[in-house]
Number of protein chains: 2
Amino acid sequence: MPQTTDTARRITRVTSFDVAEEAGVSQSTVSRALAGDTSISEPTRQRVIAAAARLNYQVNENAARLRRGKTGTLAVVMICRAGQDRKDLNPFYFALLGSTCAAASARGYEVLVSFQDSAENFWGHYEERRKADGMIVIGTSENTPAWEYFGQLDPATNWVCWGAPSDAFPWVRSDNEAGAALAVRHMLVRGYERIVCLGSETSPQRQFKERYDGYASAMRDAGREPVLQRIERGLPREEQGRRAAAALAESGQPFDSIFAVSDEIALGALKELAGRGYGIPDQIGIVGFDGVRAGAWSTPPLTTIESDFETAGALLVERLLAAMAGEPETPRRVPVRLVVRGSTRP
Amino acid sequence: MPQTTDTARRITRVTSFDVAEEAGVSQSTVSRALAGDTSISEPTRQRVIAAAARLNYQVNENAARLRRGKTGTLAVVMICRAGQDRKDLNPFYFALLGSTCAAASARGYEVLVSFQDSAENFWGHYEERRKADGMIVIGTSENTPAWEYFGQLDPATNWVCWGAPSDAFPWVRSDNEAGAALAVRHMLVRGYERIVCLGSETSPQRQFKERYDGYASAMRDAGREPVLQRIERGLPREEQGRRAAAALAESGQPFDSIFAVSDEIALGALKELAGRGYGIPDQIGIVGFDGVRAGAWSTPPLTTIESDFETAGALLVERLLAAMAGEPETPRRVPVRLVVRGSTRP
DNA sequence: TTGTAAGCGTTATCAG
DNA sequence: CTGATAACGCTTACAA
């Protein structure tokens, strides 16, 4: 019996027609009963449900979707750095993916996930292909080609994104200004007097400007003048941090603490300053921004500002569904919190 | 013009019929030309492709799938601990999810992801609903109800899993024995003489037994007698590690190093022994297994055995596709590597 | 090489 | 409240 094996491995194919026969009703009644249509009498519904259970019937979603014209699915595109080891992906993105899936599922949607990193695999025609009703793009602003690609999609596309480099995108984003203010106040409370910001107000990265702005106004609120030590463009973040810290140390500018607009910059600065013999956190305090994984490994581990990824996922989904429904606005700012570790003194 | 806004936000609906008209051919020719059917003449194909491009045509996948009877999709179910914060999920699982998506996409499949944690949301009828052609379940063996649920699905279901507690599941797994041997040899090389295993040979966790077995035979190969310090059942892993270490210290059994069958157990032991004044790694060396995130945070950071998650994702997909094709066997063991950190001496 | 026509299994619109 | 009967948009025999 050679065929038997193959047959055994096939999932049975039961249609609504079979259920109709089993329950002694019409096919459309089956559809309505199972969909919870209120016009079906309770006895009939029960009969149908029982028949469906007996036959182990499950709706063929493809047929249903074809007919309905909706997929009940959201696409999530994870943008990676080209050629980057997946393991090095910021764990925040993974957590965000998880909470996005959870939020989608809470709203009755499935999630189709794809990882994209370069021109060969950029793809966002989920709606046109009727694979999904909308799209969420999660990625680092660094991957410029990716954002160019997604920026040029049909303007009618329903989508939201995390990590977009510019305001022209339908973004959801951390509350960067509040986070920066949190960092500044923390440093002030811990007794640091001269806080310098390592960053840029002209970076294409929207976030960086927002973080600097938050820093600057928190400083002014505290009656202090903001000081910006600019990072050089076109270098790896950690290197930017190193160099900016070196430049700061050599400038003669008095400082006793650093607020860096990203964790990687903070980590670079931390290494540079520790290498120059500064005691951290006693002599110099450092606070980063992002809650990147490596921050926990450093010596001392990095105090940082972290976004609430649970809320982030929920906001992404809410905003996308609102866009799909043609509703104009929902919140796009995700709350942040301070994670105190070892790079600021107790 | 109130309606206009809504219309503008709708993705255009172009069918193969429209393309056929535009190109002056029949609908089936369009389908064949776009699918790369060799029976279509090159000029015709070009005409069709041009017409499709002009109209911005994209295949409606639902219709295609309904007709074909296949979905071109794999489902990935991530099993979480019920009520556990997603952030605390072992980052290995996220990395595994990523590499699984990549491997699936390399084989031309989409990936439908869902996070499930308790009876209310366990669900595995992807094939019956024609939502996916097969399923990959990734999860911690701890979530017993989840494995019970998935174990009771239709035996014809095409699926593979990572983290299954028993051999009865279609598993793919780390090369636990090789990993344990790696750990033992590392400790021997670093000059530890009396290596005790913290674990169990009777745990429902298949992995634990395999790791113990690997430890035991590596010890015998080195002419040493294996010593097992059993963990107590039904406690949190870290607590198991603590207690086992305490019991070991008080037993009078001579030891200078510990191989724990999981990182969390190792971490518990590390804390317990450090608390009792043992110097780590000088007096006592400790090696864990899993590459768990917290291991990098501990003082000293934990030396451990890590699985190659890139290969893991690829193997999961390979094995699933083979099962779907009715082919019997593909490799199910994922290679491991030693990550030397600070809990073993240099 | 291309066209015709028959479904795939639903949901939704009409009647009754 | 329920039953016929059209679509939904594609792929694939079967003809030509």
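A:D117 is buried, with a relative accessible area of 16%. This is a value from a predicted model. The residue sits in the loop between strand 2 (110-116) and strand 3 (134-139) of chain A. Its side chain makes a polar contact of 3.1 Å with the side chain of A:S118. Beyond its neighbours within four places in sequence, A:D117 touches A:C80, A:R81, A:A82, A:G83, A:F122 and A:N143.

A second buried residue is A:R45, at 12% relative accessibility. A:R45 counts as buried because the cut-off is under 20% relative accessible area. A:R45 belongs to helix 4 (residues 42-55) of chain A. A polar atom of the A:R45 side chain lies 3.1 Å from the backbone oxygen of A:D37. A:D37 is also on the contact list of A:R45, which leaves aside neighbours within four places in sequence. The other entries are A:R32, A:A33, A:G36, A:T38 and A:I40.

Now to the DNA. Which residues come closest to DNA strand C? They are A:Q27, A:S31, B:S28, B:T29 and B:T44, out of 25 residues that surround the strand. Of the strand's atoms within 4 Å of the protein, 58% belong to sugar and phosphate. By class, the surface near DNA strand C has twelve polar, seven nonpolar and six charged residues.

Both chains take part. Helix 3 (27-35) and helix 5 (61-68) of chain A each supply at least two residues of this surface, and so do helix 3 (27-35) and helix 5 (61-68) of chain B.

Three atom pairs show how protein and strand meet.

| Protein side | Atom of DNA strand C | Distance |
|---|---|---|
| A:S31, polar side-chain atom | phosphate oxygen | 2.4 Å |
| B:S26, polar backbone atom | phosphate oxygen | 3.0 Å |
| B:R67, side-chain N or O atom | base nitrogen | 3.3 Å |

A:S31 and the backbone of B:S26 pair with phosphate oxygens. The side chain of B:R67 pairs with a base nitrogen.

One record covers part of chain A. An unreviewed UniProt entry places the feature "domain: HTH lacI-type" at residues 14-68. In the model, that stretch is 71% helix and 0% strand. Its end C-alpha atoms are 20 Å apart.

How confident is the predictor about chain A? The average pLDDT is 89, and 93% of the residues score at least 70. Residues 1-9 stay under 50. For residues 1-9, the model has six contacts beyond four places in sequence.

Conventions
Residues are numbered from 1 along each chain as its sequence is written. Chains are lettered from A and ligands numbered from 1 in the order in which they are written. This is a predicted model: local features need pLDDT of at least 70, side-chain atom pairs count only at pLDDT 80 or more; totals for chains, interfaces and linings use all residues. Side-chain values use heavy atoms; hydrogens and water are left out. A residue is near a molecule or strand if one of its heavy atoms lies within 4 Å of it. A polar contact is a pair of N or O atoms within 3.5 Å; within protein, one must be able to donate a hydrogen and the other to accept it, and residues adjacent in sequence count only if both atoms are side-chain atoms. Helices (H or I, at least four residues) and strands (E, at least two) are DSSP runs, numbered from the N terminus. Ala, Val, Leu, Ile, Met, Phe, Trp, Tyr, Cys and Pro count as nonpolar, Asp, Glu, Lys and Arg as charged, and the others, Gly among them, as polar. Buried means under 20% relative accessible area, exposed over 50%, partly exposed in between (1.4 Å probe, protein chains only). Contact means heavy atoms within 4.5 Å. pLDDT is the predictor's confidence in each residue, from 0 to 100. UniProt positions are given in the numbering used here, feature names are shortened, and annotations may be inferred rather than shown by experiment.
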